[in-house]
Amino acid sequence: MASSIRVRATANGDITEVQALIQHPMDTGFVKDAKGELIPAHYIQQLKFECNGKDVFVADWGTAVSKDPYVKFSFKGAKKGDDLKVSWTDNKGASDTTTAKIS
Amino acid sequence: MTTLTGPSATRRLILQGAASVALLGLGNLPFGAAPARAAANDKYPEEAFKQKSEADAIKALYGKTAEPSDKVKLDAPEIAENGGVVPISVATTLDKVTSISFFVAENPSALAASYRIPEGTIPAVANRLKMAKTTNVVAIVEADGKLYSATKEVKVTVGGCGG
Amino acid sequence: MKARTSILLGSLSAALVALALTSPRVVAADKVDPVADAKAFQNFFFQKFPTVKHEDFVNGPYSMNEDMKRQWQEKEEFPPYEFALDAGKEMFATPFKNGKTYADCFPNGGIGIRQNYPYFDEKEGKVVTLELALNRCREANGEAPYSYVKDEMASLTAYMAFTSRGKPMDIKIPDDPRALAAFENGKRYFYTRRGQLNFSCASCHVQSPGERIRAEILAPALGILNAMPIYRSEWSGMGTTSRRFVTCNSQTRAVPLEPQADEYRDVEYFLSYVANGLPISGPGARP
Amino acid sequence: MKRSLALAVVLALPLALSLAPAARAANEADYKAAYAAAEASSKEAAGMRNQWTVTVSTLAAAKKAADGGDYDRAVAAAREAEALAKASIFQAISEKEAWKAMEIR
């Protein structure tokens with residue numbers, strides 16, 4: 001099974017730009033299914049990016065983040081070839097992790 | 001998919017074949033039970049995400065109030081093409097930024113996302129948020145222990161609660 | 001309930017009366033001339049939207065509105081169809097139980113050929129769409145067919161479209177009266193009003209592209225299929241050409257036909273042919 | 001398009017008023033007759049591949065009301081469904097030629 005996380009990390013000089021897209025339903029808990037029953041809330045609560053043993057970005061999310069969430073940020077201090085570790089956990093205790101090489 | 005709840009006969013007439021996205025009146029719904037926590041040792045701001053109003057959410061998250069600042073640049077569309085996916089970003093020229101948070105004023109709970117910005121990370125974030133209806137989006141930047149905000153109204157005609 | 005229906009009924013009869021009064025031009029025994037039709041079709045859109053670059057029509061409503069175009073460009077930085085595209089690529093490369101692959105069913109191994117679909121199959125005497133060809137490929141290799149509207153079918157066609165991006169749509173109409181009849185039938189389907197709202201495909205996508213129906217900005221009919229399959233925010237997911245036809249029908253309150261019904265195959269043939277020369281842009285992202 | 005809709009609403013008002021409820025309470029036989037007529041028209045529309053979603057749902061509503069013993073409502077819904085089906089048939093017939101008026105040439 002392919003990872004739920006897609007990351008692109010590109011170093012340009014001292015600044016690395018990171019874009020990530022995660023496959024996740026991000027159900028709000030307010031939407032009904034075809035049978036008229038509420039689909040329980042199911043959403044990523046925390047998404048973390050680590051590089052060279054240090055957190056470079058931590059996202060705390062509620063249900064108002066769109067389905068298949070996307071985020072973009074930049075940080076300093078990394079170079080091409082460094083590993084960027086990305087991990088998330090959701091409100092049901094599920095999680096996923098991936099490591100991307102900075103290009 | 002989703003169920004269509006309660007559009008009036010008049011609205012149905014006016015729809016003229018427009019899509020049947022559920023426009024749930026979310027503002028009126030009672031807040032659901034707290035979800036189970038995923039991990040116990042992180043600092044996920046559970047309480048702040050539970051607050052309905054923007055003011056309460058800001059208080060729960062930061063314990064103080066924000067002042068508007070033109071150094072906080074909030075970028076959001078005039079009219080969201082779909083309330084389910086509204087691209088919103090913020091950047092700032094302020095120094096010593098430690099966090100950036102996004103609030104959608106009239107969502108069922110106002111706090112949408114909060115980002116911790118460690119030293120060395122550029123204080124700029126782009127993300128995509130759900131909006132239940134036309135309302136203000138507020139970005140708050142925490143810099144040197146103080147809070148600065150920028151606000152922009154985004155019009156939503158297809159609500160973002162259909163999924 | 002009752003009043004509402006009557007009003008809508010009234011609206012239908014009024015529209016029909018209006019139509020009768022404005023007296024459509026009497027058309028006497030037209031010759032089917034696809035080349036002239038395509039030229040007129042493209043010219044109509046080029047003149048209606050003189051500032052839109054021709055190749056931009058394949059970007060649907062985003063070619064017509066700046067604010068939306070910006071939202072789209074932001075989305076395209078990491079497009080929502082990315083997961084479907086990856087899944088499609090993997091599926092395309094994975095052999096069937098008998099060891100064969102999709103590549104064995106298509107010219108050029110299925111790569112860069114999207115612009116030639118649908119085509120008219122002279123053996124069958126009917127239009128064959130890419131979705132149909134994919135399911136026939138599966139069945140010929142002992143696999144169960146996929147749903148035509150989304151999921152695996154959307155992923156597979158997303159990948160095949162992606163390998164054809166930028167190639168001009170290139171639909172042929174062979175010298176076969178049945179092919180001309182299919183084209184004509186597709187054209188008729190496109191312009192025929194249906195459903196309680198009394199809308200044809202053309203009511204929205206010829207007369208009003210760029211305008212809002214409630215919140216949605218309508219896409220121009222020209223190039224609309226070049227972007228298929230699409231990730232629609234409104235669907236929170238992917239959909240194929242079949243899904244687009246089916247939902248369009250329901251939105252006018254017409255009971256949709258079964259996916260890949262002859263009428264749908266013909267209208268896809270017509271719409272693709274009149275977009276000849278415009279680039280494939282699929283998979284697309286739409287509101 | 002918008003103008004024609006507004007016009008349609010104005011034109012439709014007398015029609016809406018003419019659909020006042022019947023004076024006598026309907027019975028099962030009334031319903032069966034009304035439903036059979038509606039079903040026949042609906043099948044004809046489907047055969048022309050021009051069924052409307054509202055015909056199907058109104059027909060279902062008629063049946064549901066009858067199952068619940070509300071024959072007034074069942075008859076009204078069945079008649080509505082029949083009218084909708086007939087309108088869709090009319091639409092299909094008139095569009096056999098009328099579509100050409102919309103064609104880009």
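## Chain D: fold

Chain D has 4 helices and 0 strands. Along the sequence the pattern reads α-α-α-α. This is a predicted model.

Of the 105 residues in chain D, 34% are buried. Among contacts in chain D with a separation of 6 or more, 72% join residues 24 or more positions apart.

## Confidence

The mean pLDDT of chain D is 83, and 78% of its residues score at least 70. Confidence peaks in helix H3 (residues 53–67) of chain D, at a mean of 96. Helix H1 (residues 2–18) of chain D has the lowest confidence, with a mean of 39.

Residues 1–20 of chain D stay under 50 in pLDDT. For that stretch the model has 28 contacts beyond four places in sequence.

For the complex, the predictor gives an ipTM of 0.71 and a pTM of 0.77.

## Chain A against chain B

Chain A puts 36 residues into its contact with chain B, and chain B puts in 41 residues. On the chain A side, the elements that give two or more residues are strands: S3 (44–51), S4 (54–61), S5 (70–76) and S6 (83–90). By class, this side of chain A has 17 nonpolar, 12 polar and 7 charged residues.

Strand pairing also links the two chains. S4(A) pairs with strand S6 (residues 111–116) of chain B. The sense is antiparallel, and the pairing has 4 bridges. A:Asp60 has B:Ser114 in S6(B) as its bridge partner.

## Two helices in chain C

How do helix H7 (residues 177–191) and helix H10 (residues 262–273) of chain C cross, and at what angle? Their axes come within 7 Å and cross at roughly 95 degrees. H7(C) is therefore roughly perpendicular to H10(C). By class, the contact of these helices has 9 nonpolar, 2 polar and 3 charged residues.

From H7(C), the residues that meet H10(C) are C:Ala182, C:Phe183, C:Asn185, C:Gly186, C:Lys187, C:Tyr189 and C:Phe190. From H10(C) come C:Glu263, C:Asp266, C:Val267, C:Tyr269, C:Phe270, C:Leu271 and C:Tyr273. The charged residues are C:Lys187 in H7(C) and C:Glu263 and C:Asp266 in H10(C). The polar ones are C:Asn185 and C:Gly186, both in H7(C).

How values were computed: Residues are numbered from 1 along each chain as its sequence is written. Chains are lettered from A and ligands numbered from 1 in the order in which they are written. This is a predicted model: local features need pLDDT of at least 70, side-chain atom pairs count only at pLDDT 80 or more; totals for chains, interfaces and linings use all residues. Two residues are in contact if their C-beta atoms, placed from the backbone, lie within 7 Å. Two strands pair if DSSP finds at least two bridges between them. Axes are lines fitted to C-alpha atoms, for helices over the stretch in contact, and angles run from 0 to 180 degrees between N-to-C directions. Angles under 35 degrees count as roughly parallel, over 145 as roughly antiparallel, 65 to 115 as roughly perpendicular and the rest as oblique. pLDDT is the predictor's confidence in each residue, from 0 to 100. A residue is buried if 20 or more other C-beta atoms lie within 10 Å of its own, exposed if 12 or fewer, and partly exposed in between; C-beta atoms are placed from the backbone.
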